[in-house]
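Let's walk through this structure together, one question at a time. Have a look at the fold below, and then we can begin.

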Amino acid sequence: MPTSSEGTAGVTRDGDTLVFSGTLSRDAVASLWPRALASIAGVRRFSLEGVPSLDSAGLALLAELAARAGGGVVVTGAPRGLAVLRSAYRLDPSLAFAAA
């Protein structure tokens, strides 16, 4: 059961930003996907300040959304797991595949 600081995962739109909250985990991705995808047009930023941690499914969600937004998304916030997983999957700071 998530702690109160982790909370239920959510996503809202604020201008050109998708604002994520709660833990972005495999359990949360299925419910977040349709809401985030419906709001992706014109998004230039992902705010992860309200995300305490993410797993590989959460990173996959963010990377696919970033690609559908046209790339070059600015990601703010550094939830637990982001840096390690980005490195493991060779993603750059905008969540695109880094050049080899």
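Contact here means heavy atoms within 4.5 Å. Please keep in mind that this is a predicted model.

Q: Which residues is serine 25 in contact with, leaving aside its neighbours within four places in sequence?
A: Serine 25 sits in the loop between β2 and α1. Its relative accessible area is 17%, and because buried means under 20%, serine 25 counts as buried. Leaving aside neighbours within four places in sequence, the residues in contact with serine 25 are Asp55 and Ala57.

Q: What is the mean pLDDT of the protein chain, and over which residues is the pLDDT below 50?
A: The mean pLDDT of the chain is 92, and 93% of its residues reach 70 or more. The weak stretch has two contacts in the model beyond near neighbours in sequence. Where pLDDT is low, the predicted coordinates should not be read in detail. That caution applies to the stretch with pLDDT below 50, residues 1-5.

Q: In what order do the four strands form the open sheet, and which of them stand at the edges?
A: The four strands form an open sheet with mixed pairing, in the order β1-β2-β3-β4. Two strands have a single partner each, so one side of each is left without a neighbour in the sheet. Those edge strands are β1 (10-14) and β4 (74-76).

Q: By how many degrees are neighbouring strands of this sheet turned against each other on average?
A: The sheet in question is the open one with the order β1-β2-β3-β4. With direction ignored, the average turn between its neighbouring strands is 20°.

Q: How many bridges join β1 to strand β2?
A: Strands of a sheet pair through backbone hydrogen bonds, either parallel or antiparallel. Here β1 and β2 (residues 17-21) run antiparallel. Threonine 12 stands opposite valine 19 in β2, and aspartate 14 has threonine 17 as its bridge partner. The number of bridges joining β1 to β2 is five.

Q: Which residue in the turn of the β1 and β2 hairpin has a positive phi?
A: The hairpin formed by β1 and β2 has two residues between its strands. The residue with a positive phi, of about 65°, lies in that turn and is glycine 15.

Q: At about what angle does helix α1 run to β1, and at about what angle does α2 run to β3?
A: Helix α1 (residues 26-38) lies across β1 and β2, whereas α2 lies across β2 and β3 (45-50). The angle of α1 to β1 is about 10°, and that of α2 to β3 is about 155°.

Q: Which residues form the aromatic pair?
A: A search of the whole structure finds one aromatic pair. Its rings are edge-to-face, at 5.7 Å centre to centre with 75° between the planes, and they belong to phenylalanine 20 and phenylalanine 46. One partner lies in strand β2 and the other in strand β3, so the pair ties together parts that are 26 residues apart in sequence. Phenylalanine 20 is buried at 1% relative accessibility, and at 0% so is its partner, phenylalanine 46.

Q: Is leucine 65 buried or exposed, and how far apart are the C-alpha atoms of leucine 65 and tryptophan 33?
A: Leucine 65 lies in helix α2, and at 0% relative accessibility leucine 65 counts as buried. Not counting residues up to four places away in sequence, leucine 65 touches Phe20, Trp33, Ala36, Leu37, Ile40 and Phe46. Tryptophan 33 is 32 residues away from leucine 65 along the chain, yet their C-alpha atoms are separated by 8.6 Å.

Q: Which residue does arginine 68 meet in a salt bridge?
A: The structure holds two salt bridges. Arginine 68 and its partner both lie in helix α2 (residues 56-68), four residues apart, about one turn of the helix. Arginine 68 is partly exposed at 47%, and glutamate 64 is partly exposed at 35% relative accessibility. At 2.8 Å from N to O, the partner of arginine 68 is glutamate 64.

Q: How far apart are the closest N and O atoms of arginine 26 and aspartate 27?
A: Arginine 26 counts as exposed at 63% relative accessibility, and aspartate 27 counts as exposed at 66%. These two residues form a salt bridge, and their closest N and O atoms are apart by 4.0 Å.

Technical notes
Residues are numbered from 1 along each chain as its sequence is written. This is a predicted model: local features need pLDDT of at least 70, side-chain atom pairs count only at pLDDT 80 or more; totals for chains, interfaces and linings use all residues. Side-chain values use heavy atoms; hydrogens and water are left out. pLDDT is the predictor's confidence in each residue, from 0 to 100. A salt bridge is a side-chain nitrogen of Lys or Arg within 4 Å of a carboxyl oxygen of Asp or Glu. Buried means under 20% relative accessible area, exposed over 50%, partly exposed in between (1.4 Å probe, protein chains only). Two strands pair if DSSP finds at least two bridges between them. Axes are lines fitted to C-alpha atoms, for helices over the stretch in contact, and angles run from 0 to 180 degrees between N-to-C directions. Rings of Phe, Tyr and Trp (its six-membered ring) pair if their centres lie within 6.5 Å; planes under 30 degrees apart count as stacked, over 60 as edge-to-face and the rest as tilted.
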